[in-house]
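Colleague: I have the model open and would like to go through it. Can we start with the charged pairs?

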Amino acid sequence: SYFIEVEGRPISSVGFEIDENNGSVIIGGMLCGAEDNYVNAGFCLTLDNQLELVKETIVEFDESFISSTWSPETIERQKKEKEKDKDGKSPEMFGYKIDHILIRPDGSFVTLAEQYQSITMTTGSQGMTSSITTYFYGNIIAIGFDPAGNFLWKTIVEKDQVTSDDR
C-alpha cells in the first residue's frame, strides 16, 4: 500500500480519466479530514500528455457546504457539540469515494464522489452459515472544473439508496 498526499494532506479516494482529445490526464479525489474515512476537501490534478503536472486545485468544503443537507436536528446537535469542543473542530463528510470523472466535449470536467458504505451480516445455524451484504449509497458531491483545471462550482445531490447482495 502507498501513502499519497496532495499539498501535505492525505488522499481518501482517487480516480482518473484520460481526455481523448488531447491525451491529458485528469486525476480527481477527496482529501482526508481529521479521521479516517472522513473528507473535508476535493482536489484535481491535471497532467499533460507527457504526464507533467499542469495544474493542482484544491476545493475546500466549508461548514455551510457540509451542513447544506443536514436536518435542523443535526444542525442543532452540531452547534451544541461545537460549544463543548473549544478546539473548534470543523465538521467533515463521511464515506465519500470518487465514482466518476466526466470529461465534456469542451474539455471541462466534473468529478463525482458518492457516499458509500457496506455491512455484511453472517448468521449460522447447525454448521451452515449465510451472509448478506447490504450496500448504502448516499449523497453525491459534484465538483466542476474548466478545461484548465480551475474550480468552477460544487454541489451536493441528495439521494438515499440501499441494496443487498447485488454488487
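Colleague: Which residue forms a salt bridge with E60?

Modeller: This is a predicted model, so every value here is computed from it. Salt bridges require a side-chain nitrogen of Lys or Arg within 4 Å of a carboxyl oxygen of Asp or Glu. For E60, the closest N and O atoms of the pair are 2.5 Å apart. The partner is R9.

Colleague: How many residues apart in sequence are the parts that E60 and R9 tie together?

Modeller: E60 sits in strand β5, residues 53–60. R9 is in strand β2, so the pair ties together two separate parts of the sequence. Those parts are 51 residues apart.

Colleague: Is E60 buried, partly exposed or exposed?

Modeller: Its relative accessible area is 43%. Buried means under 20% and exposed means over 50%, so a value in between gets the middle label. E60 is partly exposed.

Colleague: How many salt bridges does the structure hold?

Modeller: E60 with R9 is one pair. K159 and E114 also meet through their side chains, at 2.8 Å from N to O. The total is two.

Colleague: How far apart along the chain are K159 and E114?

Modeller: K159 is in the loop between β10 (151–157) and β11 (161–164). E114 belongs to strand β8, residues 109–125. The pair links distant parts of the chain, and the separation is 45 residues.

Colleague: Which residue of that pair is buried, K159 or E114?

Modeller: The cut-off for buried is under 20% relative accessible area. K159 has 25%, so it is partly exposed. E114 has 11%. The buried residue is therefore E114.

Colleague: Now S24. Where is S24 found?

Modeller: S24 is buried, with a relative accessible area of 9%. Its side chain makes a polar contact of 2.8 Å with the side chain of N22. S24 lies in the loop between β2 (9–18) and β3 (25–32).

Colleague: What distance separates the C-alpha atoms of S24 and D48?

Modeller: The two residues are 24 residues apart along the chain. Leaving out residues up to four places away in sequence, S24 touches E17, I18, D19, L47, D48 and N49. So D48 is among its contacts, as heavy atoms within 4.5 Å count. The C-alpha separation is 4.4 Å.

Colleague: Turning to the largest pocket, which element gives the largest share of its lining?

Modeller: The space in the largest pocket is about 430 Å³. Of its 22 lining residues, the closest to the centre are Y38, W70, P91, E92 and M93. The elements giving two or more residues to the lining are α2 (72–84) and β6 (93–94). The largest share, five residues, comes from α2.

Colleague: How many of the lining residues are nonpolar?

Modeller: The lining of the largest pocket divides into three classes. Seven residues are polar and seven are charged. The nonpolar residues number eight.

Colleague: Last, the whole protein. How many helices and strands make up its secondary structure?

Modeller: From the N terminus, the elements run β-β-β-β-β-α-α-β-β-β-β-β-β. Buried residues make up 36% of the 167 residues. The secondary structure comes to two helices and eleven strands.

Terms used
Residues are numbered from 1 along each chain as its sequence is written. This is a predicted model: local features need pLDDT of at least 70, side-chain atom pairs count only at pLDDT 80 or more; totals for chains, interfaces and linings use all residues. Side-chain values use heavy atoms; hydrogens and water are left out. Helices (H or I, at least four residues) and strands (E, at least two) are DSSP runs, numbered from the N terminus. Buried means under 20% relative accessible area, exposed over 50%, partly exposed in between (1.4 Å probe, protein chains only). A polar contact is a pair of N or O atoms within 3.5 Å; within protein, one must be able to donate a hydrogen and the other to accept it, and residues adjacent in sequence count only if both atoms are side-chain atoms. On a 1 Å grid over the protein atoms alone, a cavity is a set of points where a 1.4 Å probe fits but cannot get out, and a pocket is an open set with protein on both sides within 12 Å along at least five of seven lines; lining residues have an atom within 4 Å of a point. Grid points are joined across faces, edges and corners, and a volume is the space filled by probe spheres set on the points. Ala, Val, Leu, Ile, Met, Phe, Trp, Tyr, Cys and Pro count as nonpolar, Asp, Glu, Lys and Arg as charged, and the others, Gly among them, as polar.
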